[in-house]
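The exercises below are meant to be worked with the structure open beside the text. Try each task before reading its solution.

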Amino acid sequence: NTVIEKQQSEYRQVRAKLKTKSIVIRQQEKVVTELKTKIDNDDREIYRLKQLVYTEKETVKQLKISLEASHKKLEECNNMLESNQNVISYLNKEINQAQMVPAPARLDNIGYNNSTPTATTTTPTFAARSPVEVDLALGGNFADHLASYGFESLPNPDLFDNDVNVGLSKNDVTVR
């Protein structure tokens with residue numbers, strides 16, 4: 001009987017140890033599953049963040065290209081503005097010089113249209129001329145003045161509309 005009781009006691013102890021080990025194993029499996037889930041979630045988050053970084057890098061690259069294009073366009077506009085200011089300065093200088101010439105000579109040189117003014121025309125009208133014709137009328141120095149402002153040649157005369165009339169007053173020239 002003592003042997004049986006001893007074996008039963010050992011059996012209970014082994015069974016209790018097994019039960020404890022089983023509980024520990026289940027807890028460890030639960031921890032391992034939780035860790036695997038966390039690792040999977042972290043891997044997905046890493047992938048999402050890598051995709052976001054890639055997308056942001058592409059956006060930055062496109063914005064840099066756009067910024068560079070905008071800088072080039074701004075530089076072109078600044079160059080055009082400077083050129084336009086040079087032309088305006090030149091034309092103001094020419095107007096001032098032309099106003100110093102006596103009125104009849106000035107009108108003959110630039111093609112005064114001797115028609116009578118109408119109710120809609122309050123200033124004398126002048127036939128529009130190409131830069132080449134203006135150059136000849138001003139004694140051939142128009143191209144030289146353009147060159148002094150950095151222009152290489154006269155504009156193409158075919159670009160000018162001969163139906164345009166120019167009104168001349170004492171202080172300015174206006175195109176109507």
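Four exercises on this predicted model follow, each with a worked solution.

**Exercise 1. Describe the overall make-up of the chain: which elements does it contain, and in what order do they come?**

Step one is to count the elements, and the secondary structure comes to four helices and three strands. Step two is to read them along the sequence, which gives the pattern α-α-β-α-α-β-β. Step three turns to the surface: of the 176 residues in the chain, 10% are buried, while the area that the chain exposes is about 14600 Å², with carbon and sulfur atoms supplying 57% of it. As a last step, consider the contacts with a separation of 6 or more, of which 55% are between residues 24 or more positions apart.

**Exercise 2. Compare the expected span of helix α1 with the distance between its end C-alpha atoms.**

Begin by locating the helix, since α1 covers residues 2-100. Its 99 residues, taken at 1.5 Å a residue, should span 147 Å. The end C-alpha atoms in the model are 143 Å apart, so the distance agrees with the expected span. To complete the picture of this helix, look for residues that are covered, and you will find that Tyr-90, Glu-94 and Ile-95 are buried in α1.

**Exercise 3. Find salt bridges in helix α1, and explain how the spacing of the partners along the sequence fits a helix.**

A search of the whole structure finds four salt bridges, and three of them are worked through here.

- Start with Lys-38 and Asp-42, whose side chains meet with N and O 3.5 Å apart. Both residues lie in α1, four residues apart, which is about one turn of the helix. Lys-38 counts as partly exposed at 49% relative accessibility, and Asp-42 is also partly exposed, at 36%.
- Continue with Glu-45 and Arg-48, where the N to O distance of the salt bridge is 2.6 Å. Because these two are three residues apart in α1, about one helical turn separates Glu-45 from Arg-48. Glu-45 has a relative accessible area of 35% and is partly exposed, as is Arg-48 at 44%.
- Finish with Glu-58 and Lys-61, whose closest N and O atoms are 3.5 Å apart. Glu-58 and Lys-61 are three residues apart in α1, again about one turn. With a relative accessible area of 27%, Glu-58 is partly exposed, and Lys-61 is partly exposed at 45%.

The reasoning that joins these cases is a general one: an α-helix has 3.6 residues a turn, so residues three or four places apart point the same way.

**Exercise 4. Decide where the model may be read with care: which element has the highest mean pLDDT, and which the lowest?**

First take the chain as a whole, where the average pLDDT is 76 and 57% of the residues score at least 70. Next compare the elements, among which α1 has the highest mean pLDDT, 95, and strand β3 (residues 173-175) the lowest, 41. Then look for stretches with pLDDT below 50, among them residues 121-128, a stretch that has 31 contacts in the model beyond near neighbours in sequence. Residues 159-176 also have pLDDT below 50, and this stretch has 40 such contacts beyond near neighbours in sequence. The conclusion is a rule for reading: where pLDDT is low, the predicted coordinates should not be read in detail.

Methods
Residues numbered from 1 in each chain as written. Predicted model: local features only at pLDDT ≥ 70, side-chain atom pairs only at ≥ 80, totals over all residues. Heavy atoms only, no water. Buried < 20%, exposed > 50% of the residue type's maximum accessible area, 1.4 Å probe, protein only. Contact = heavy atoms within 4.5 Å. Areas by Shrake-Rupley, 256 points an atom, 1.4 Å probe, with all protein chains shown as cover. Expected span 1.5 Å × (residues − 1). pLDDT = per-residue confidence, 0-100.
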